[in-house]
Amino acid sequence: MNRALQILIPIAVGIAAIALWEFLVRHYNVPPFVLPAPSAIWAAFVENFATLMASLWTTLSITLAAFALAVIGGVTLALLFSQSRIVETALYPYAVILQVTPVVAIAPLILIWVGFEHIDVALLILAFIVAFFPILSNTTLGLKSADHNLIDLFRLYGASRWQIMWKLQFPTALPYLLGAMKVSGGLALIGAVVAEFVAGSGTATGLAWRIVEAGNRLQIAKMFAALALLSTLGIAIFFMLSALEWALLHRWHESALKKER
Amino acid sequence: MSPLLSLTSLAKSFANGVAALGPLDLNINAGEFVSLVGPSGCGKSTALRVIAGLLAPSAGAVTFPNGKPEIGFVFQEPTLMPWASALDNARLPLDLKHMNRGEAEARARTALARVGLFGFERAFPRELSGGMKMRVSIARALAAEPKLLLMDEPFAALDELTRQSLNDDLLKLWREDDLTVIFVTHSVFESAYLSSRVVVMTPRPGRNTADIALMQPAERDAHYRMSQQFADGAGRVSASLRGAMANSEIASSE
């Protein structure tokens with residue numbers, strides 16, 4: 001199957017589904033508070049464009065900030081783990097505890113600590129907690145996966161720990177890190193949305209809150225519009241991280257090998 | 001003349017109690033091409049690692065009477081960095097020694113050209129065949145201009161023709177650079193073709209049972225592989241190896 005078809009077929013399926021949806025809603029007179037027609041959702045999107053875009057921006061900025069912090073924090077801690085067994089033994093169990101405790105359960109506590117006047121900070125912390133662990137655990141694994149013979153070779157030529165870390169361990173860990181980033185990018189968005197649902201109304205009004213608000217007012221079309229924006233955001237994050245992965249790995253990594261053999 | 005290196009009662013046991021090597025006594029002179037031949041697990045690789053200083057001996061010592069020379073190491077696997085081009089792989093030892101970029105690059109280019117990889121500087125390891133990867137690995141060792149080259153079954157995973165062509169190239173490099181080579185192999189024929197001296201080792205823990213000096217012509221080629229002289233050398237190595245195996249089988253069955 002060629003590349004154009006691989007893109008065109010899913011798009012055609014999408015258009016057909018939307019057309020069928022529009023037809024069924026009109027034909028059976030489905031009430032708009034149960035299932036609005038795609039045209040009504042589009043109308044709601046246009047009508048609420050300004051508020052939806054402002055909310056999109058809020059959710060996007062929290063997601064990106066949490067993701068950036070997760071990458072910086074996760075990589076830094078993983079590098080520290082790779083240099084010191086003691087630090088790893090001491091801290092790793094707590095990183096696991098942070099990961100396995102559901103973020104919804106921690107949210108009220110974080111809110112109280114941060115204060116209701118700084119809900120955006122609370123959302124940032126919660127999204128960070130969700131996105132952090134995959135980066136930490138995968139990068140730690142990657143840093144430990146350096147070829148032992150190469151480590152010996154580096155030592156033979158008198159390499160410092162710093163040189164082994166940057167010239168050998170870090171490039172070895174890069175594919176692991178990029179894989180983790182694809183997971184964490186999505187998780188940061190989920191974290192930001194879930195946290196906003198729990199945190200409720202406040203200074204920050206992201207897309208999650210628009211959905212709750214529209215639901216309460218039975219503006220189902222607006223709800224769908226906000227939902228579609230969230231999905232689009234998630235897809236965009238995934239594609240950007242995939243592109244980054246391709247840019248950094250395609251020349252040398254096995255995962256990027258075309259089936260040429 | 002004092003030897004380039006001396007192994008005196010060298011032994012290595014691992015933490016799990018396995019005695020891998022020794023005691024091994026061996027002197028190696030500058031300019032020799034010495035093969036260590038023995039069955040799998042006789043501690044040949046361990047001996048190389050101890051000589052390189054990558055493993056500490058459990059007993060005995062490695063001494064370099066004239067000072068420790070620059071050492072190159074070639075593993076059984078090419079052991080290249082997959083994210084780096086052939087050139088960047090070859091210049092690794094120089095980068096680690098903080099040599100300035102221009103000189104490091106020039107030296108790495110020369111080393112690649114000497115192993116027949118001129119024009120492949122920008123290629124990544126995954127674009128190269130097994131034999132070419134091994135050539136990059138040898139170029140990397142040469143780039144540091146070693147006096148002593150340690151090779152751990154470097155051609156074991158290659159097909160016979162590639163192996164023979166690398167054997168010939170290695171002999172050429174050995175002659176041109178006045179290298180001292182310690183070459184670990186389990187192939188009797190490879191050792192008989194390459195070496196000026198073959199040290200036969202017993203099964204674990206490896207000791208040297210025979211030390212066979214081979215008179216070799218300077219120029220060796222495919223015809224030499226058919227010659228009586230080569231067959232005689234290979235026969236002597238083979239006989240000692242069988243002897244070493246037989247003695248140890250008697251010893252272990254008692």
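User: Which helix holds Ser55(A), and what makes a stretch count as a helix?

Analyst: Ser55(A) sits in helix H3 of chain A, residues 49-83. Here a helix is a DSSP run of H or I with at least four residues, a strand is a run of E with at least two, and both are numbered from the N terminus. One thing to keep in mind: this is a predicted model, where local features need pLDDT of at least 70, side-chain atom pairs count only at pLDDT 80 or more, and totals for chains, interfaces and linings use all residues. As for labels, residues are numbered from 1 along each chain as its sequence is written, while chains are lettered from A and ligands numbered from 1 in the order in which they are written.

User: Does Ser55(A) count as buried or exposed, and why?

Analyst: Buried means that 20 or more other C-beta atoms (placed from the backbone) lie within 10 Å of the residue's own; 12 or fewer is exposed, and in between is partly exposed. Ser55(A) has 24 C-beta neighbours inside 10 Å, so it counts as buried.

User: Which residues does Ser55(A) touch, leaving out those up to four places away in sequence?

Analyst: Thr205(A), Gly206(A), Leu207(A) and Arg210(A). "Touching" is a contact, with the C-beta atoms, placed from the backbone, within 7 Å. There's also a C-alpha distance for that part of the chain: 8.4 Å between Ser55(A) and Trp209(A), which are 154 residues apart along the chain.

User: What makes chain A more spread out than a compact globule?

Analyst: Start with what it's built from: ten helices and zero strands. The yardstick is the radius of gyration, taken over C-alpha atoms, against a globule rule of 2.2 Å times the number of residues to the power 0.38. For 261 residues the rule gives 18 Å, and chain A comes in at 23 Å, well over that, so "more spread out" is the verdict. Its C-alpha trace spans about 75 × 55 × 25 Å along the principal axes, and 36% of its residues count as buried.

User: How is chain A divided into domains, and where do those bounds come from?

Analyst: Domain 1 is 1-30 and domain 2 is 37-256. The bounds come from an automatic or database domain assignment. The two centres, taken over C-alpha atoms, are 32 Å apart.

User: Why is chain B described as being as compact as a globular protein of its length?

Analyst: Same yardstick again. The radius of gyration of chain B is 18 Å, close to the 18 Å that the rule gives for 254 residues, so the label fits. The trace spans about 60 × 45 × 40 Å, and 43% of the residues are buried. Chain B has eight helices and nine strands.

User: What is the strand order in the three-stranded sheet of chain B, and why do S2 and S4 count as edges?

Analyst: The order is S2-S1-S4, an open sheet with antiparallel pairing. Strands S2 (19-28) and S4 (59-63) each have a single partner strand, so one side of each is left without a neighbour in the sheet.

User: How do you know that S1 and S4 of chain B pair?

Analyst: Pairing needs at least two DSSP bridges between the strands. S1(B), residues 5-13, is joined to S4(B) by four, running antiparallel, so the pair passes. Within it, Ser6(B) stands opposite Thr63(B).

User: What makes the pairing mixed in the six-stranded sheet of chain B?

Analyst: That open sheet runs S5-S6-S7-S3-S8-S9. S6 (148-152) and S7 (180-185) pair in the parallel sense over five bridges, with Leu148(B) partnered by Thr180(B). S8 (197-201) and S9 (208-213), on the other hand, run antiparallel, again over five bridges; there Arg197(B) partners Ala213(B). With parallel and antiparallel pairs in one sheet, the pairing is mixed.

User: What does chain B bring to the contact with chain A, and which classes of residue are on that side?

Analyst: Chain B gives 16 residues and chain A 17. On the side of chain B, strand S5 (71-74) and helix H3 (92-96) are the elements that give two or more. By class, that side has twelve nonpolar, one polar and three charged residues. Nonpolar covers Ala, Val, Leu, Ile, Met, Phe, Trp, Tyr, Cys and Pro; charged is Asp, Glu, Lys and Arg; the others, Gly among them, are polar.

Conventions: Two residues are in contact if their C-beta atoms, placed from the backbone, lie within 7 Å.
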